[in-house]
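Work through the exercises below with the sequence and the model side by side. Each task is followed by its solution in steps.

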Amino acid sequence: MAPLVAGGKVLVGNAGGEFGVRGWLAALDAGSGRLAWKAYNTGPDKDVLIGQAFRPFYPMDRGKDLGIHSWPPEQWKIGGGTVWGWISFDPASNTIFYGTGNPGPWNHEQRPGDNKWTAGVFARNVSTGEAKWFYQTSPHDLYDHDDINEQILLDMPVAGRMRLVLIRPGRNGYLYVLDRQTGQVLSADPFGYINSSRGVNLRSGRLIPVKEKEPQAGRVVRNICPTASGAKDWNPSAFSPRTGLIYIPHINLCMDLGVLEANYVVGTPYLGAESKVYAGPGGYRGVLTAWDPVARKPAWEVHEDLPLWSGALATAGDLVFYGTMDGWFKAVDARSGKLRWRAKVDSGIISQPVAYRGADGREYVAVISGVGGWAGALVSAQLDPRDNSAALGFVNAVRDLPNKTKSGGRLFVFALDG
Amino acid sequence: MSGGDGLDGALFNRLFALFLIVSLTMLALVLAFLAAAWFRRGGVRQDGVADENGRASREPLLRALLIGWTALIAIGLIGLTFASFLTDRGMADAIPPDRRTINIIVTAKQFWWDVNYAFDNEPSKNIRTANELHLPVGVPARVTLKSSDVIHSFWIPNLAGKQDLIPGRVNDLVLLPNRTGVFRGQCAEFCGIQHAHMALDVTVESRAQFANWLAAQGKPAPAPASPLQKAGYLYVMNRECSGCHAIAGTAANATVGPDLTHLMSRRSLAAGTLPMGRAGLYAWVADPQGVKPGNNMPYVGLDANELHAVTAYLETLK
Amino acid sequence: MRLPKGRTGCLSHPPLSPPCIQGGRLACALFLCLGLTACDREQRSLNGQPKAETIALANDPRDLSYQENSYQLSQGQRLYKWMNCSGCHANGGGGMGPPLMDDEWRYGGRMEDIVRTILHGRPNGMPRFEGKITEQEAWQIASYVRSLSAQQGQDVLSARPDSMSASEPPTLAERGKVLPENNLTGPKDEQN
């Protein structure tokens, strides 16, 4: 992950949720580089920096040492909950917000319990690291739903009242609006196709799972939507204060999932799952959704054939930039979604575009090309598409990718005034 | 044919008695008809036409008898099916819902039993052991049966009937032991070359003893004390052992082989193959393929010092 | 007398074969032959080789006992899952690690090369398995790995692959054939 500098600290976390690690977030003093605090996401309260100030909104997150008691013995030591995504900082309350990764292994039968504090969002005091609240989006996560996606901090009206909120389009397909002072879920609406859960119980805060979609060792559960990569993965959304819309680049995929016993051997994957991914209903694999958070529904959607694996960028000129995996860099109208401009680059785009004003006073938009990652490994690592389960099944979803792009890695900079 | 001494004994015996009575009655009737036919040979020709002496055809009587007989069979079979169904339901409902049951997940593997005591509300109290079951007397235990490779069958003749463990499926069985003792369970479905050496030691004990056992099993393994034990500990942690076995409280957390945390507290080694003890331990660690050919513990090839050390460490896992 | 052409294994068991062959019953000879080849491919040497042996030799003589032997191969297949090989290499198609079902071998594709890769590890992520599995187990895994790229005979492969099956998912039905046909895994396709 890219570190975030906030409140005089450099914040950095670890990755490796598929290797039996124990997730943490550390803060280094920005001046000296010395470790200021380190908060684990599993284990005893003192390791998680849970103390007197911890006030989770829902009863399910209250109790002593839940980071141990919600796991089978010893399992929390290798339980994942990594921090490899995005951290948001609210200077007014001196608070950081970040999500924690999936519990390990993927095979949930090996880790009965809620598996705190994985697959949820933490609010912490950036100076001390002390936890303020926690909300678990997927208690006892069944599908590798890392909850590391971005959080967008907004002050907006909810049911007629101005609230300080935190918005996160989650891996499990719900767009959560949380009260960022308390961790209360104000709303959770699906922004993609979901059949593995029925919604979020706003009273208890718990996700309502669909029993038939629960993976079980030794058999394959078919047609689970969203996939392990989620209705939306790490690629961040953009918010435009001009339109009041959130632009969510995400994917429309479903999967077959089979779990098997994962055997913990130091230094090897700790996974216990096989999956096969394919396009969801409608046949398209990528979506750009413009979401109206006040009206709680999409304003418009653009469908992309390939999974949408790049970040979105909203500009003051009412354009939204994003890239596709076959190498088109596109700008659409922020209000209607109509395509305004596009350019083909040498390889697929899975990066985040940026806009800036150069030293010469001109405005530029820059993006890095180079397909890869989970979605593009078929091309970048030359995997073999004859195996449906390659790249944890993702290869099956993009087996046409080698015909549409090649691997690359270039920075493209476009000047706005030509 | 027996349901054992367990939970369902009474219901099961009643069903058995019913089957016995109905079957015996039918058997007696069949024999009676047979005897009658034997003594009255030659009465009716095969085509059913009256014979030369002009005796009236007995076809109507025969037809009535046949219809009656068929009806009797149908009623009997339907009745028995119902009785069996009701007994099955009765067994399922036999546990009062308010009574605390113990949940045990048994996963059969070639050629041993992985046993997990699961506490749904407090997973951190879960206990993993192998090739043994401890049950408190008079407390129902719900056993969830799974398999990770081929079909096995779970059979403790003294406690309950057989139940298969099938890969990809979940079966369950309720045990309600009503007397203390040590019983033997056995895989009852041929599962491979070492099927015969796939036994399960079942100890039914008082509730207090069971509680002690649970508490002891919940503790992590002690740290090695003597230099020899330490050498063995290092070997186990850094060599092949930790690729398959788990020992709570150490870095070994693999699940392919049995959990070794409280190995020495078990009655036997390798699923009933050897009695637990120093002799068995030496033999097993030195040459598992010689003791139980074809099992999945490989021949590691420890030299004499390593064997000595590893065994010394394993003996601390009480 | 002419003998049906079979595997050498067929003729290497004189105590069993002579009566049939002398009787000149071709069917019987064939039948026994099949039976005996089956014995050969099922042959199990359970103890493996002692630890001290090195694996540096080219064309290691152990090749013969681990290749074309369905017991060793199926044990390798089991270990491939148990030792988490599938976590990176999937069922041969790769993921975090390179694919194993293609014809590219970065560090050599002979049995002894694969064994060395498994035991000693390779740069950029392949962990060292020495001390985690025995040498015998490494040979068994290597035997399975070679089968992924169809370098073992069909008759020694496991009839039921442990990987997930690949039937058409319901959500693709309305999509028609936009994506290429789904394949069954691996070697079969390559041979057809």
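**Exercise 1: a contact between chains**

Task: count the residues on each side of the contact between chain B and chain C, then sort the chain B side by residue class.

Solution. The contact joins 12 residues of chain B to 14 residues of chain C, where two residues are in contact if their C-beta atoms, placed from the backbone, lie within 7 Å. The side of chain B that touches chain C consists of 5 nonpolar, 5 polar and 2 charged residues. Here Ala, Val, Leu, Ile, Met, Phe, Trp, Tyr, Cys and Pro count as nonpolar, Asp, Glu, Lys and Arg as charged, and the others, Gly among them, as polar.

The model is predicted: local features need pLDDT of at least 70, side-chain atom pairs count only at pLDDT 80 or more, and totals for chains, interfaces and linings use all residues. Residues are numbered from 1 along each chain as its sequence is written, and chains are lettered from A and ligands numbered from 1 in the order in which they are written.

**Exercise 2: domains of chain B**

Task: list the domains of chain B and describe how domain 2 of chain B meets domain 3 of chain B.

Solution. Step one: the assignment, which is automatic or from a database, gives domain 1 (9–43 + 57–93), domain 2 (102–216) and domain 3 (227–314) in chain B. Step two: the centres of domain 2 and domain 3 of chain B, taken over C-alpha atoms, are 22 Å apart. Step three: domain 2 of chain B brings 17 residues to the contact and domain 3 of chain B brings 16 residues. On the domain 2 side, β2 (112–118), β3 (127–130) and β10 (199–205) of chain B each supply at least two residues. Strands are DSSP runs of E of at least two residues, and helices are runs of H or I of at least four, numbered from the N terminus. That side of domain 2 of chain B holds 8 nonpolar, 5 polar and 4 charged residues.

**Exercise 3: a sheet and a helix**

Task: which strands of chain B stand at the edges of the open sheet, and why does each have a side without a neighbour?

Solution. Step one: the order of the 5 strands is β4-β10-β9-β6-β7 (chain B), with mixed pairing; two strands pair if DSSP finds at least two bridges between them. Step two: β4 (132–136) and β7 (163–165) of chain B are the edge strands, and each has a single partner strand, so one side of each lacks a neighbour in the sheet. Step three: inside the sheet, β9 (residues 181–187) of chain B runs antiparallel to β10(B), joined by 6 bridges. Phe183(B) is opposite Val202(B) in β10(B). Step four: helix α3 (residues 207–217) of chain B lies across β4 and β10 of chain B, at about 135° to β4(B). Axes are lines fitted to C-alpha atoms, for helices over the stretch in contact, and angles run from 0 to 180 degrees between N-to-C directions.
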